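Q: Please take a close look at the disulfides of this protein. I should like to learn where they lie and how they sit in the chain.

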Amino acid sequence: DINHLNKHAAVFIISCSISLVSASGPRSVLQFPPWPCSSSSSNPPSHFCGIYIHVKLHTYIVTYSDLRFASCLVAYALITDYFLKVEEAPYTRLCSTKNIMTINGNFPGETLHVHRGDTLIVHVVNRSPHNITIHWHGVNQPRYPWADGPEYITQCPIQPGGGKFSQKVIFTTEEGTLWWHAHSEWTRATVYGAIIVYPKKGHAYPFPKPHADLPIIFGEWWKQDIFELFDDFRRSGGDPLVSHAITINGQPGDRYNCSGQDMFKLAVDQGKTYLLRLINAAMQDILFFSIAGHQLTVVGTDGTYTKPFKSDYITISPGQTIDVLLRADHPIAASYYMAAKFYSSARAAVNLNTTTALLHYTTNNTTTTPTAVSLSATADTNASVAFTARFRSLADKKHPVDVPQKADTNLYFTLSMNAVPCPAGATCAGPNGARLAASVNNVSLVLPTSMDVLGAYYRGIGGVYGDDFPSNPPVSFDFTNLTIPAVYRTPATGNQVRMLEYNSSVELVFQGTNLLGGVDHPMHLHGTNFYVVGWGFGNFDRAKDANKTYNLVDPPFQNTIAVPRNGWVAVRFKATNPGVWFMHCHLERHASWGMGMTFIVKNGKGPNDKMLPPPSDMPPC
C-alpha cells in the first residue's frame, strides 16, 4: 500500500524484486534471492542481509508516484528516519534561567511514534559542549547491541562539536510505551522523551480504543548546572544535592514559585476515555502519582500489556513506564489536580514537595479551585509494594507468555550500599569520612575509558573487562539484619562481566541488603525483558520462596523492577539475544557509585542466532 510508506524511508520484506523508476528510467533494480550483503552506489544499503532492505527515498530522489515494485512483494514494515540534534538551550524554571542540554531545543524531547515491528534510523549529531550517548529504553535491539547506547558499555560517547552517530532502533514484540534518554554521566536529567509503540496496522488494542493518548513524563529539576552538580557529587564522595522540583512534562506546577502559569494542563471531554502513558524519567526516586477524584485502570507496563486493574494511585520507578486508562466521568464544573511526590523508604534527604498538573473538562469555563489530591506518605512501603504486586501479564491467545518453567542458570545478586576509604589528603562527605559506593555482589563497577566493552568483545581485545563476575555473593551473611558489621561495607572494584550461553534459561534473584541502611533499587536490564516471578521481604530462601510464592503462569514482563528495601525479587528470562547488555540500578546516584554489571550473551549456532556486525559510523573512543 503506497499510502503507508513514510516520506523518508521504508523497509520491504520481499522474495523477488524491487524497482525504483523515474522519468529517466530505472534508478536501480534489486533481485532477491540472492541477497546483497553490502552497500554500493547502485544498490540501497542492506541493513539486514537476507531480510530487510532499507531504501532511503530522499537519497534516491524518488516520490511515491515514482516507486514501483513487483507483485511478489509479501509484506513490509516501516523504517522512519529521525534527526536529533543535541544542543544547549536556555530554559526558565523556579524563577531562574540556565542552559540545559536538549534535543532539537526541546525539553522534554520529542515523542517518537512507531508501530510494532518497525525500525527507526535515528541520526544523532552532538552540537553541545559535552559527550553524550542515547539509549532506547526497553527496546530489545535483537542481535544489534551497537545502538543500545550505554557509555563505555556498547559504545564510546558521541563527541561534542559535531560528532555524529546514526542509530538503528529495531522494534520487534514491544507494544505500548517506552522511552529514550541520554546514557552518559547525568545528561539524562534533561535529555529524554517518550516512545509510543502502536499495534501493527490492522491490529487493535486489547482494550477499547481510547479517544486520545498522550505521554505524562515525570522528571526532576535543579537550579544548578547539572554538570557542576555531578562534578561536586563525585568530588565530595557523599550524597548528591536533592533536586529543587519534580516536574510533569517539564513543568513543576503551581506549588512552586514562578511555576503556576505554565503548569501542564490536560483538557478532556466528559464521557471519553484517555490513554495516559506514564514515564518516570526522574533521576533519584520512585514516585507516587494520582488524579483527584478519578480512578485509573492499569493496562500495561514497560512496552507490554497487563491484565487490567483499577487503582486510586500509581507507584512508578525511575526507568519504568505504566499505561493507564482515564475515564472522564466526573462533573464538568470542577477541575482536578494531578500530582506526584517521591516515595523513599530510607533516604534521609529527599524532595518532600509535590508536583502538580491540572485536569479540566473542555466545557468548564469556571475558575474554581481545583479538587485536591491525596497521596500516600513519603515512606509508605506498604503502598508501594502493594501496587507493584498487582501486575500480571495479559496472557491470552494474542498475547501469550513464555515463562521459563525451569532455569539452567541460577544467579543470586546482592545489591548494596557501600563505603570506600577517602583518598589520602582529601575530605570526603560519606559516612565516617569515607566515600559512598554501591555494588552488585560486592563488586563496584568501574567503567573503562579507552574502549567500550562491546567493541573489545567483538574484536577479541583483552584488558578492557574480566569475565568472572560472581554468580553468587562472594561472602554470605545475614543480608537484611538491622546491624551488619562494618567489615562488609567495603566492596571490590572492577569491570567484570557474566557470560551467558545462548538460549539458556536464567533465573536471577536480586537481594537487597541493609548495608548502610539499605534502600529500594529499581533494576533495569538492557536487551531483554524478564518475567517477575516472585518477590518478598527478608533474605531469599529458595526452598521456601521458590516453591510457595513463584508465579509461573502470568507474571508481568518488564525491563525495570523495584527491589524493595531489605527484600528480594526473582526474575526469569531466556538468553536469546546475543550481544553485550548492561544491567544497573536506575537511581542515578547508585549507578554512579557502581551498582551495575554487564551480561554477554554468546552467539548461538544458527545464522540468525549470532550478533550482527557493527555499523561503519560507531563513535570513536
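A: The following account takes the disulfides in turn, after a word on the confidence of the model.

The structure is a predicted model. The mean pLDDT of the protein chain is 88, and 86% of its residues reach 70 or more. Residues 1-76 are another matter, for over this stretch the pLDDT is below 50. Where pLDDT is low, the predicted coordinates should not be read in detail.

The count of disulfides in the model comes to three. A disulfide is a covalent bond between the sulfur atoms of two cysteines.

One disulfide joins C95 to C258, with an S to S distance of 1.9 Å. C95 is found in the loop between strand 7 (79-93) and strand 8 (96-103), while C258 belongs to the loop between strand 16 (245-248) and strand 17 (265-268). The pair thus links distant parts of the chain, 163 residues apart. The angle about the S-S bond is 95 degrees, and the link of C95 and C258 is right-handed. As to accessibility, C95 has a relative accessible area of 45% and is therefore partly exposed. C258 reaches 58% relative accessibility, so this cysteine counts as exposed, the cut-off being over 50%.

Another disulfide is formed by C156 and C621, whose sulfur atoms are 1.8 Å apart. C156 lies in the loop between strand 11 (134-137) and strand 12 (163-170), and C621 in the segment after strand 38 (596-601), so the bond ties together parts that are 465 residues apart in sequence. With 80 degrees about the S-S bond, the link of C156 and C621 is right-handed. The two ends have contrasting surroundings: C156 is buried, because its relative accessible area of 1% falls under the 20% cut-off, whereas C621, with a relative accessible area of 52%, is exposed.

The remaining disulfide connects C422 and C428, with sulfur atoms 2.0 Å from each other. The link of C422 and C428 is right-handed, with 80 degrees about the S-S bond. C428 has a relative accessible area of 12%, which means that this residue is buried, as the limit is under 20%.

To review the cysteines by accessibility, C156 and C428 are buried, C95 is partly exposed, and C258 and C621 are exposed.

Technical notes
Residues numbered from 1 in each chain as written. Predicted model: local features only at pLDDT ≥ 70, side-chain atom pairs only at ≥ 80, totals over all residues. Heavy atoms only, no water. pLDDT = per-residue confidence, 0-100. Contact = heavy atoms within 4.5 Å. Disulfide = S-S within 2.5 Å. Helix = DSSP H or I, 4+ residues; strand = E, 2+ residues; numbered from the N terminus. Buried < 20%, exposed > 50% of the residue type's maximum accessible area, 1.4 Å probe, protein only.
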